[in-house]
Amino acid sequence: MASSSMPGGVLRRSDSVADMMPEELRQSRYQMKRCFQRYVSKGRRLMKNWQLVEELERSADDDKLEKAKLAEGFLGYVICSTQEAVVLPPFVAFAVRTNPGVWEYIKVHSGDLSVEQVTPADYLKCKETLFDDKWARDHNSLEVDFGALDLSTPHLTLPSSIGNGTQFVSRFMSSKLSGKSENMKLLLDYLLALNYRGEKLMISETLDTVDKLQTALLLAEVFLTSLPRNTPYQKFEPKFQEWGLEKGWGDSAETCRETLNCISEVLQAPDPVNMEKFFSRVPSVFNIVIFSIHGYFGQEKVLGLPDTGGQVVYILDQVRALEEELLQRIKQQGLNITPKILVLTRLIPEAKGTKCNVELEPVEHTKHSSILRVPFKTDDGKDLRQWVSRFDIYPYLERYAQDSSVKILDILEGKPDLVIGNYTDGNLVASLLSSKLGVTQGTIAHALEKTKYEDSDVKWREMDQKYHFSCQFTADMIAMNTSDFIIASTYQEIAGRPVSLKEKPGQYESHYAFTMPGLCRYATGINVFDPKFNIAAPGADQSVYFPFTVKEKRLTDLHPQIEELLYSKEDNDEHIGYLEDRSKPTIFSMARLDKVKNITGLVEWYGQNKKLRDLVNLVIVGGLLEPSQSKDREEIEEINKMHSLINKYQLKGQIRWIKAQTERVRNGELYRCIADTRGAFVQPALYEAFGLTVIEAMNCGLPTFATNQGGPAEIIVDEVSGFHINPLNGKEASDKIAGSFQKCKEDPIYWNKMSTAGLQRIYECYTWQIYATKVLNMGSMYGFWRTLNKEERQAKQRYLQMFYNLQFRQLVKTVAKLGEQPTQPAESTAAARIVPRPKERRPQTRIQRIASNLLRPILPTSNFSKDAA
């Protein structure tokens, strides 16, 4: 179908497909009956978007006018906006995504074309019928609705606002604090609580009313106007203390006056701009803990090892940027405080030549940041020596959280101010630590496995033995709902792209309503309109990744090594294959060897496209070269596939396969050497949450082709600063790459134009300084935000803890520790789904009633009515 755009534009959030559809069906009744008969003709099934569109087109036979009418009309729009449909003859239930984050569920009778709007839970029950009919019909099946505990939490309303959490929070807080002076008591209490290791900051206990605070601020502002701007704080500190003002206002008369003015404005007439400015200046974050547990986390010789890739680079760059910003803020605040950042990861005694067996390691190019490694423990209390796959990590995490907590409190000499998790395992541990210590929590998913593997929720049983998705998805739900704020690198990561572009939902959006038949139904998992979502795009270390044209900085001493790496003709332990014609440009890709990264897909595209092979060479950097060298299941499969493809398409002479490279500085020069050939970088992933290698390549001036599935599609403006490719259509992707190089051959200026445009895009949008500023502002602002709506928040936390204890802990028992067998098969975990309904007790508050409904079994209507009576 040529179009998925609704006449007059997309639906507004207030528009209802269920209300509008009956009339539309009536106007095309004959045609629609034919279409719906096609849908139900093959019996019960789950239909994807492309199947729905295909059947709709076929229902018009060869009538071009009718096809055009369908494509351009309301029903064409609805079908193209439908992500999937459940066919249960005579009904078809549709999951319609009219806008990013906006879903409507409708059920249509294929005979009389009657339309009924259904709840997300009812739609999920229809879907469950296809996979576990008995469980779908069981009224005691576990249904979780985390949204029921967020009723008084304000939410964004416009899809375009998704990811702008801090702006929304600042607006809401401005509204909440304005009006009556007692509303400001919330902010006053926050200021009174500010301290560092028991030493008061900003205001003393004497300023225990808003009026007293405002008087002190006025006195201080008048006093400072008489001082030179650069007067050090120490010169007037005694005067400030007389008025009840403590350290933290600034390091000079000018910075103190700016902070005083900012808080005065907030107290008198709060507005979003001053609110954001206030939280950027308030001294509330000094010590940060960052969890990245799985894989081999280190600063050298780790990239390319199992479960170890771009996230390591991301976190190390993140730490450097955060420390630099913290030091700058603390200096500006006039404080003599040493910040600390700890990266918590796993200590692995069998470290494979890395430093992953070193407990405490300073982070290079920082003064106050370290990697702290804590071991997994066996049941007898010994350190687990071997690496553990990220899919098998769950039995160790609770003990790991406990052990980490002890180490953190010891090294920091107190609680951290901010805890940030990475990936499912790190986020779960961050949630446990945050709940235990009562500190602000940030979540970074990087990549959620549910969006990587199609239908991995409804087909979880088929994949659970290998991937343990039952544990993973449950842990993700706990972490997302516990977290104070969630950091995404792009809008797409949260909510995908507009429906007019026929894109899939974002990876967080796909967790809005989903089901794992036999285990748990999430009527609401996470809502992307929640103000906890924020976008903070990372950058690249520009001391390592700089343009190939900056000749004076080029690392020419590495060129002999890179020459051998790329062009020597002998196979060895580091590379396979050779490049016969060095005069051709080189397309280059670097990633882990797993299915989602799709490196073997790129090799197959290249092998099948004669024109592309004539125009360019192919260099792959990724994984190990022999299956016997790897212990990772997916990597072994991909290694075997690489060898098979090289032989099948006879690629020797046109391909160089280099094993994973861990020397980051040399990798930077490798990008530039590829640029010297006037080549390009290709990122072919089936899905990529962000795409650090895309940023690195573009920083080096290398034109880039990147997947349109995920973050890279947001980083690159197609055919302006790079190129989007569809990883699900290899021929189209390889033709696009070939067409671009043909254009470069005919017009040499074109390559330069794309290289320069890529660099410009990076400089405008992606720097670590911007990232660090945003994240520290989040830590400060959400630290106050979490003090609002305390009753509702505490109710949700209690039931998240219940969910963890009754559900997650049972699921963990199905995952075997190294050398053990699981205590029970995965399928039997469904037995843990029934949570006894409490007996009637004394009257409850509204919040308590909502919370108590969250995890109890869903009862038949008749039973519920009897209870109510």
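Let me begin with one residue, R521, which counts as buried because its relative accessibility is 2%, under the 20% cut-off. Please keep in mind throughout that what we are looking at is a predicted model.

Where does R521 lie, and what does its side chain meet? The side chain of R521 forms a salt bridge with that of E143, with 2.9 Å from N to O. Since R521 belongs to strand β17 and E143 to strand β6, the pair ties together parts of the chain that are 378 residues apart in sequence. E143 is buried as well, at a relative accessible area of 12%.

Those two strands bring us to the sheet. It is an open sheet of three strands, in the order β6-β17-β16, and the pairing is mixed. The edges are taken by β6, residues 143-145, and β16, residues 514-516, and each of these has a single partner strand, so one side of each is left without a neighbour in the sheet. If you look along the sheet, neighbouring strands are turned against each other by 20° on average, with direction ignored. Between β16 and β17, the latter covering residues 520-524, the pairing is antiparallel and runs over three bridges. R521 appears again here, as the bridge partner of T515.

Which helix packs on this sheet? Helix α6, residues 120-129, does so, touching β6, β16 and β17, and its direction makes about 150° with that of β17. A good residue to pick out in α6 is L124, which is buried, with a relative accessible area of 3%. Leaving aside the neighbours within four places in sequence, L124 is in contact with A513, F514, T515, R521, Y522 and A523, and you will recognise T515 and R521 from the bridge I mentioned a moment ago. As a contrast in position, L124 and E23 are 101 residues apart in sequence, and their C-alpha atoms are 26 Å apart in space.

Let me now widen the view to salt bridges, of which a search of the whole structure finds 54. One of them joins R97 and E509, whose closest N and O atoms are 2.7 Å apart. R97 sits in strand β3, residues 91-99, while E509 sits in the loop between α20, residues 491-495, and β16, so this pair ties together parts that are 412 residues apart in sequence. Is this pair buried or exposed? R97 is buried, with a relative accessible area of 0%, and E509 counts as buried too, at 2%.

The pair of D251 and K331 gives another picture, with side chains that meet in a salt bridge at 3.7 Å, N to O. D251 is in the loop between α11, residues 233-242, and α12, residues 253-268, whereas K331 is in helix α14, residues 310-332, and the two are 80 residues apart. Here D251 counts as partly exposed, at 24% relative accessibility, and K331 counts as exposed, at 59%.

Salt bridges can also share partners, and in this model such sharing joins K48, E84, K127 and D455 into one network. K48 belongs to strand β1, residues 45-48, both faces of which are covered, with R45 and M47 buried on one side and L46 and K48 buried on the other. Strand β1 runs antiparallel to β2, residues 82-88, and four bridges join the two; in that pairing, K48 stands opposite E84.

K48 also leads us to the largest pocket, whose volume is about 1400 Å³. Which residues are closest to the centre of this pocket? Of the 46 that line it, the closest are K48, Q83, E454, K504 and P505. Several elements each supply at least two residues of the lining, namely α3 (49-58), β2, β4 (102-109), α6 and α17 (449-452). Helix α6, which we met packing on the sheet, gives the most to this lining, with four residues.

I will finish with another helix, α9, residues 185-193, in which L187, L188, Y190, L191 and L192 are buried. What do these buried residues pack against? Their partners are α8 (165-177), β8 (199-200), α10 (210-224), α12, α13 (272-281) and α30 (768-785); of these, α12 came up earlier, at one end of the loop that holds D251.

Notes. Residues are numbered from 1 along each chain as its sequence is written. This is a predicted model: local features need pLDDT of at least 70, side-chain atom pairs count only at pLDDT 80 or more; totals for chains, interfaces and linings use all residues. Side-chain values use heavy atoms; hydrogens and water are left out. Two strands pair if DSSP finds at least two bridges between them. Axes are lines fitted to C-alpha atoms, for helices over the stretch in contact, and angles run from 0 to 180 degrees between N-to-C directions. Contact means heavy atoms within 4.5 Å. Buried means under 20% relative accessible area, exposed over 50%, partly exposed in between (1.4 Å probe, protein chains only). A salt bridge is a side-chain nitrogen of Lys or Arg within 4 Å of a carboxyl oxygen of Asp or Glu. On a 1 Å grid over the protein atoms alone, a cavity is a set of points where a 1.4 Å probe fits but cannot get out, and a pocket is an open set with protein on both sides within 12 Å along at least five of seven lines; lining residues have an atom within 4 Å of a point. Grid points are joined across faces, edges and corners, and a volume is the space filled by probe spheres set on the points.
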